Amino acid sequence: MTSPSGLRGRVAIVTGASRGIGRAVAEALVAEGARVCVTARDADGLRRAAAELGGVGLAGTVADPAHLRELTALALREFGRIDVVVNNAATNQPYGPLMDADPDRWREAFTVNVEAPLRLVQYAWHAWMGEHGGSVVNICTEGAGHVGPRVGAYGTSKAALLHLTRQLAGELAPRVRVNSVSPGLVRTEMARFVWERAEEETAAGLPLGRIGEPDDVARAVVWLTSDAARWITGADLLVDGGTRVRPAYASGTDPVHAALRSAAPPDSPQAAQAP
Ligand SMILES: NC(=O)c1ccc[n+]([C@@H]2O[C@H](COP(=O)([O-])OP(=O)(O)OC[C@H]3O[C@@H](n4cnc5c(N)ncnc54)[C@H](O)[C@@H]3O)[C@@H](O)[C@H]2O)c1
């Protein structure tokens, strides 16, 4: 029987899958009947994850193109096809002000967060997807549009990944769909330094009233890879509890919205008397 998502029997490569969002994505894909080939730097965590997922794993860094080539070869050798690539692994060190940015760390952000996703898609395209089709999801961030303290390299690299997503969507259509998911604050190790300090305030400022869990993001990723999203490419799906509508509906402090709230509705008697 085919699954409604069309993912049963398909094969997915997921990077950064030993924990957090990547792990949840791999679990959700397996729940849909897909087989997974996973990678992460942490060899023990990855071995455990691959075993629990019933998939295969190869520990290493996505910064190394040879590792990505081996990963692609492993998926083909073990499963004979590659239908889905999820570029999830990323580095997010607090880099400090850009005027003091260390060139090596700046390069690291772009190597891991931008170049590695491109390389993996290149290898998967040439090995399988270019001929047989497939779908790619890049994990960006809701924060890519914001200017923030100490995160300039990360934000800039993720903004580049957003554009890479659109560029690839154009170049690889109609064979391969390429989309991105942009999470807000999610309870993972990477963001621990934020949610440990500011979970309550962040949740209070979100229309949906809580920070994200890895599975919230995984469901969106799986949907984008599935046949349900078959006419979607080049899109970015925000999975963020409503961050973009926060000023209007949650904080009530935006002066424009305060003025709008106090203005009379167009069919009220006050509005009719207005000059
Ligand atoms: N957690 C959040 O609030 C949040 C918000 C927006 C975007 N994101 C994005 O979600 C994605 C997943 O982040 P997370 O929060 O689950 O992080 P995490 O730190 O919990 O997990 C990261 C995973 O990536 C792997 N990884 C990191 N660098 C790697 C490398 N060079 N090579 C191979 N594997 C590597 C780690 O081993 C781990 O498995 C990232 O792209 C991140 O930028 C996270």
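Helices (H or I, at least four residues) and strands (E, at least two) are DSSP runs, numbered from the N terminus. The model here is predicted, so local features need pLDDT of at least 70 and side-chain atom pairs count only at pLDDT 80 or more, while totals for chains, interfaces and linings use all residues. Residue numbers start from 1 along each chain as its sequence is written.

**Exercise 1. Work out what surrounds the ligand.**

Step 1. Start with the residues that come nearest: of the 30 around the ligand, these are Gly16, Gly20, Ala90, Thr188 and Met190. A residue is near a molecule if its C-beta atom, placed from the backbone, lies within 6 Å of it.

Step 2. Now look for elements giving two or more residues to that shell, and you get helix H1 (20-31) and strand E2 (35-40). H1 has the largest share, with three residues.

Step 3. Sort the shell by class: 14 nonpolar, 12 polar and four charged. Here Ala, Val, Leu, Ile, Met, Phe, Trp, Tyr, Cys and Pro count as nonpolar, Asp, Glu, Lys and Arg as charged, and the others, Gly among them, as polar.

**Exercise 2. Describe how H4 packs against H5.**

Step 1. Take the axes of H4 (residues 103-132) and H5 (residues 152-172): they come within 9 Å and cross at roughly 20°. Axes are lines fitted to C-alpha atoms, for helices over the stretch in contact, and angles run from 0 to 180 degrees between N-to-C directions.

Step 2. That angle makes H4 roughly parallel to H5, a label for angles under 35 degrees.

Step 3. Check who meets whom: the H4 side includes Trp106, Phe110 and Trp125, and the H5 side includes Tyr154, Leu161 and Leu172. Contact means C-beta atoms, placed from the backbone, within 7 Å. By class, this contact has 15 nonpolar, two polar and two charged residues.

**Exercise 3. Lay out the sheet and find what packs on it.**

Step 1. Write down the strand order of this open, seven-stranded sheet: E3-E2-E1-E4-E5-E6-E7, with parallel pairing. Two strands pair if DSSP finds at least two bridges between them.

Step 2. Spot the edges: E3 (56-59) and E7 (236-239) each have a single partner strand, so one side of each has no neighbour in the sheet.

Step 3. Zoom in on one pair: four bridges join E4 (residues 84-87) to E5 (residues 134-139), and Val86 has Val137 in E5 as its bridge partner.

Step 4. Add the helices. H2 (residues 43-53) packs on the sheet, touching E2 and E3, and its direction makes about 175° with that of E2. H7 (residues 214-225) lies across E4, E5, E6 (176-183) and E7, running at about 165° to E6.

How values were computed. Parallel < 35°, antiparallel > 145°, perpendicular 65-115°, else oblique. Contact = placed C-beta atoms within 7 Å.
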